Each structure stands twice: as structure tokens, then as C-alpha cells.
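Hi,

Here is the structure I promised you. Have it open while you read, and turn it around as you go.

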Amino acid sequence: MKVVFLGATKGMGRALARLLAERGDSLFLLGRDGEDVARSAADLQARGRGGVVGHAGCDLAAPEGFAAALAAADAGLGGFDTVVVTAALFATQTQLEADRALTQRLLTVDFVNTVLFCEHARELLLARGGGTLCVFSSVAGERGRKPTLIYGAAKAGLSRYLEGLDHKFRAAGLRTICVKPGFVKTGATAGMQPPPFAGEPEGVARDVLRALDRGTPEIYTPGIWGHIMRVIRWLPRFVMRRINF
């Protein structure tokens, strides 16, 4: 595969990028921290098996740069067939309730601008006959929940958008994959009490790699979250009010 990767420098994104590089796929990394992206590209080039690894700047908070970033990736890879988006902004519900500016920034980055980036990628992929668009959403978007009210709202919108893309464009050759991680031990969740079934970035990366190869339209990872959220979706509203999940 020739993969454009937005968000490959940390956590789950870094683990997935390493798996792709180690099996010989070519990658072009996009990210807002130029030095961090350059270091990650050098690391992946050293781990890789002959694949190209390039990089350029791209900030999800600055949609005016999306077209140029994807054009740089296209030139660097000699065309691409896969786009992976793991980048996002995370904050706790307590932080968001106390800071309206942060709330606006998170909703804009995690929903509006992520959709805009995907629209750029969708147009490019469809123009060359199709490809794969893999985007990380979250189980937080499955149901309105007390601890993830605002973050979950952004991810709910993103999940519905990705589902609609799959319905509309799969027949035209665009494979859309919506990844819904549960609790994963990353920098974003540092300081939080992990549940017994918390995942590790490497395990999530393996699950996502299988989904990329198969074109699976939606995955929960770790897999137990699929069962957990199936129960949560069916809980009556009065039960959801009483629990703190």
C-alpha cells in the first residue's frame, strides 16, 4: 500500500505506522509538529523494508492547508491508495465544561475539520478509481454518556459521516473504515483509571491492519468493546442517567 498517514507520531497511530513500515508499505506522514513528524519518518524508514517514507506539515486546526498537504503526499509517494487518520484532539468532560474555547476547538478539530480533510481525500481517491479511507472515531460516540458528553458528540458525528461515506461510495471503489477504539493506554489517557479490559496501542494496531487488508467497514478495538457497546446501546435512558459510564 501507499499510505498517507495523518497522526502517526503518537500512541495508536505510531504503532500502526510501524506495522505498515515493517511489512514494506510506503508511507507519507502528515502532522502539525514538523520536528516530531520528521523524527517519526526517520524511525519508520529505518524499520521499513524498502518502502518510501516521506513527510510534510498538516494541522487539523488549519483546513486551508489540507489540499497542499495531500498534494505533497501524492508527489512524494507517486500516487497513493490509502489514507489513514488517527489525529484528534482529546480533553476530559471536566476540562471541556470549564473552557468554552477548548470545547469549540475540540468540536471543530474532531468533527468539522476531520470531515473536511476526509472530503479532500475522498475526492482524490475516487478520481483515481478508489482506495481506502481509514479514520479513527471512538466508542465514546455510540451513546450519550456522562463522562464523554462533548467529546462523544464530536465522535458520534464523525462515525455517522463515515458510515454514510461507506454507503454512498463503496460501489464506486472507496472502502471506508471507521475504527472505534475503547479505552487504550496512551498518552491521552494517562492519569485515568483503566478498566480491566483496557487495550494497548500495539493490539489496536494489529486489529486495524487486518481491517485495512480486508476492507472491514467498522471495527471495535479491543474487540470486547463491540460487546460492551452492544449492551450500552440497548440500556434504557433512565438506567443511563443512574450510572456513570
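Let's start with what packs over helix α2. The cover on its buried residues includes α1 (11-22), β2 (26-31) and β3 (53-57). Keep in mind that this is a predicted model.

Which residues of α2 are buried? They are Asp-36, Val-37, Ser-40, Ala-41 and Leu-44. Looking down the axis of α2, you'll find these buried residues within an arc of 135°, so they line one face of the helix. If you wonder how residues spread out along a sequence can share a face, remember that an α-helix has 3.6 residues a turn, so residues three or four places apart point the same way. On the face turned away from the buried side, α2 carries the exposed residues Glu-35, Arg-39 and Ala-46.

The length of α2 works out nicely too. It has 14 residues (34-47), which at 1.5 Å a residue should span 20 Å, and its end C-alpha atoms are indeed 20 Å apart. Have a look at the start of α2 as well: a side-chain oxygen of Asp-33 comes to within 3.2 Å of the backbone nitrogen of Glu-35.

Now for α1. This helix has twelve residues and goes 17 Å from first C-alpha to last, close to the 16 Å expected at 1.5 Å a residue. Its buried residues are Gly-11, Met-12, Gly-13, Ala-15, Leu-16, Ala-17, Leu-20 and Ala-21. α1 lies across β1 (2-6), β2, β4, β5 and β6 (174-181), and it runs at about 165° to β1. Just after α1 comes Gly-24, with a positive phi of about 105°.

On to the sheet. How many strands form it, and in what order? There are seven, in an open sheet, ordered β3-β2-β1-β4-β5-β6-β7, with parallel pairing. β3 and β7 (218-221) are at the edges with a single partner strand each, so one side of each has no neighbour in the sheet. From one strand to the next, the twist averages 15°.

For one pair up close, try β4 (residues 82-85) and β5 (residues 131-136), which run parallel and are joined by four bridges. There, Val-83 stands opposite Leu-133 in β5.

One last thing to find: the peptide bond from Thr-221 to Pro-222 is cis, with omega near -10°. You'll see Pro-222 in the loop between β7 and α8 (224-234).

Happy exploring!

Notes:
Residues are numbered from 1 along each chain as its sequence is written. This is a predicted model: local features need pLDDT of at least 70, side-chain atom pairs count only at pLDDT 80 or more; totals for chains, interfaces and linings use all residues. Side-chain values use heavy atoms; hydrogens and water are left out. Helices (H or I, at least four residues) and strands (E, at least two) are DSSP runs, numbered from the N terminus. The expected span of a helix is 1.5 Å times one less than its number of residues. Buried means under 20% relative accessible area, exposed over 50%, partly exposed in between (1.4 Å probe, protein chains only). The arc is that of the directions from the helix axis to the C-beta atoms. Contact means heavy atoms within 4.5 Å. A polar contact is a pair of N or O atoms within 3.5 Å; within protein, one must be able to donate a hydrogen and the other to accept it, and residues adjacent in sequence count only if both atoms are side-chain atoms. Two strands pair if DSSP finds at least two bridges between them. Axes are lines fitted to C-alpha atoms, for helices over the stretch in contact, and angles run from 0 to 180 degrees between N-to-C directions.
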